[in-house]
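Colleague: Could you take a close look at one part of this protein for me, the place where its domains meet? I'd like to hear what sits there and what holds the sides in contact.

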Amino acid sequence: MKTIIEPFRIKSIEPIYFTTETERKQKLAEVGYNLFGLKAEDVIIDLLTDSGTSAMSAMQWAGIMNGDESYAGSRSFYRFEETIKKITGLDYIIPTHQGRAAEKILFSIVGGEGQIIPNNTHFDTTRANIEFSGAQAVDLLNENGKKPDFIADFKGNMDVEKLRDFLTENAEKVPLVMLTITNNSGGGQPVSMENIRQVSEVSKTFGKPFFLDACRFAENAYFIKTREKGYEKKTILEICQEMFSYADGMTMSAKKDALVNIGGFLALNDGVLAQKCRNVLVVTEGFPTYGGLAGRDLEAIAQGLEEILDENYLQYRIRTIEYLGEKLTKAGVPLILPTGGHAVYLDASKFCKEIPSWQFPGQSIACALYIKGGIRACEIGSVMFGKYDEDGKTISPDLELVRLAIPRRAYTQSHIDYVAEVIIEVFEERANLRPFAIVEEPPLLRHFTAKFQEL
Ligand code: F0G
């Protein structure tokens with residue numbers, strides 16, 4: 001059949017509370033036009049993030065009851081460890097409370113002053129943890145990955161030649177090479193198996209360990225299966241096993257492709273490094289067989305990791321994003337194409353050409369989406385990454401984007417139809433979009449708490 005249906009039935013529901021446009025206008029003004037300031041119950045469709053917002057399955061909830069809460073040697077840890085070993089083949093599995101905790105532990109050991117860590121595109125928390133350690137984070141994304149509407153299969157790929165040149169020049173400063181699958185900061189774009197293999201080979205040539213930031217590894221594997229020659233007949237598990245076979249280690253936020261609301265882990269092959277990581281773990285997270293998580297969380301992660309490998313689920317998942325992208329493209333709405341694995345990214349500069357980057361076009365669109373239809377999206381542009389030069393002028397990032405991240409298994413097709421309808425209406429009325437100014441901001445990570453004024 002042509003219709004791809006949600007591969008689940010709904011057993012437990014949460015109500016959505018409806019607000020009127022007038023109420024939303026008032027609520028947004030009350031929080032200084034910062035969508036992070038809203039109460040979640042004042043949001044109709046929450047697309048702020050796909051992280052920690054998944055709906056768990058009946059089997060995961062059963063796992064929650066079944067979790068073994070022993071301080072040491074919990075049965076749930078051994079299930080967690082065994083599942084991750086089966087998928088990744090990595091030897092040492094270290095649970096953490098979320099992805100950035102794994103990053104923090106890793107970079108507090110291998111980072112530090114003078115070190116440089118290359119990636120296709122570092123996610124903000126990875127960059128922050130690297131920089132916090134005193135090291136430097138460098139992005140080596142391929143050129144096509146930087147062009148919003150350039151159609152290519154694997155726009156998340158690292159530029160292998162650039163990596164080779166980079167390592168030739170800086171080898172002694174590089175403790176490891178990283179690759180983020182899928183590339184969240186670059187539009188949720190996938191990385192090909194060929195690229196994973198080549199990056200691994202170049203890293204090995206220079207004697208450098210190769211790590212995957214693997215939050216969305218299963219979504220990436222599905223793209224490999226459907227877009228890369230030779231993988232059509234392989235199972236998702238086989239593709240994942242091959243992806244990880246090239247890696248010496250990984251960091252993981254289980255809040256994405258492990259379908260849970262909290263959790264993460266670090267996995268690696270180097271026993272000496274693993275011991276150092278566990279030494280930090282016991283101080284900052286917990287004993288190595290729970291590491292910042294309850295036994296029930298380990299159980300839910302293990303179950304989620306089994307479920308994410310289901311091809312019917314992944315087909316529905318990737319199709320959902322593509323379906324939203326197609327509806328928007330048909331209406332002329334500019335976005336990053338092709339759509340990636342977990343979100344649709346609107347191209348805000350093209351969406352409202354009249355608003356210059358220093359007056360925050362993405363913020364303007366995100367506010368309009370909330371007022372029009374109660375949708376909460378996330379600006380990824382000058383609000384999030386803008387900096388000031390010495391004269392107080394805004395330096396903007398390359399792209400002004402609005403991310404609509406789709407939580408896993410939480411919304412149905414009619415929710416997505418509604419989202420498309422709201423975005424298209426805001427697009428048709430784009431002449432009414434207002435520029436914004438920041439009236440209050442903290443020194444760091446301003447997008448979370450800054451206050452805005454409509455101009
Ligand atoms: N790496 C990537 C690629 C991510 O997308 C995230 C989180 C992390 C690491 C950190 O994981 O949140 O568990 O500490 N991304 C979320 C997002 C926050 O909305 O994209 P965490």
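**Where the domains meet**

Modeller: Sure. Between them, domain 1 and domain 2 bury about 2,300 Å², and 55% of that is on carbon and sulfur atoms. On the domain 1 side, the residues that lose the most area to domain 2 are Leu 314, Pro 338 and Arg 408, which together make up 23% of what that side buries. Bear in mind that this is a predicted model.

As for what counts as which, the domain assignment puts 21-50 + 310-454 in domain 1 and 58-307 in domain 2. Their centres, taken over C-alpha atoms, are 27 Å apart. Domain 1 brings 25 residues to the contact, and domain 2 brings 28.

Now the polar side of things. There are 7 salt bridges between domain 1 and domain 2. If you want one to look up, try the side chains of Glu 311 and Lys 225, which pair up in a salt bridge at 3.3 Å, N to O. Counting residue pairs in polar contact between the two domains, with both residues at pLDDT 80 or more, gives 16.

On the domain 1 side, helix H12 (311-330), strand S9 (343-347) and helix H15 (382-385) each supply at least two of the residues that touch domain 2. H12 has the largest share, with 6 residues. By type, the domain 1 residues touching domain 2 split into 11 nonpolar, 9 charged and 5 polar.

Methods. Residues are numbered from 1 along each chain as its sequence is written. This is a predicted model: local features need pLDDT of at least 70, side-chain atom pairs count only at pLDDT 80 or more; totals for chains, interfaces and linings use all residues. Side-chain values use heavy atoms; hydrogens and water are left out. Domain bounds come from an automatic or database domain assignment. Contact means heavy atoms within 4.5 Å. Buried area is the accessible area (1.4 Å probe) that two parts lose on being put together, summed over both. A salt bridge is a side-chain nitrogen of Lys or Arg within 4 Å of a carboxyl oxygen of Asp or Glu. A polar contact is a pair of N or O atoms within 3.5 Å; within protein, one must be able to donate a hydrogen and the other to accept it, and residues adjacent in sequence count only if both atoms are side-chain atoms. Helices (H or I, at least four residues) and strands (E, at least two) are DSSP runs, numbered from the N terminus. Ala, Val, Leu, Ile, Met, Phe, Trp, Tyr, Cys and Pro count as nonpolar, Asp, Glu, Lys and Arg as charged, and the others, Gly among them, as polar.
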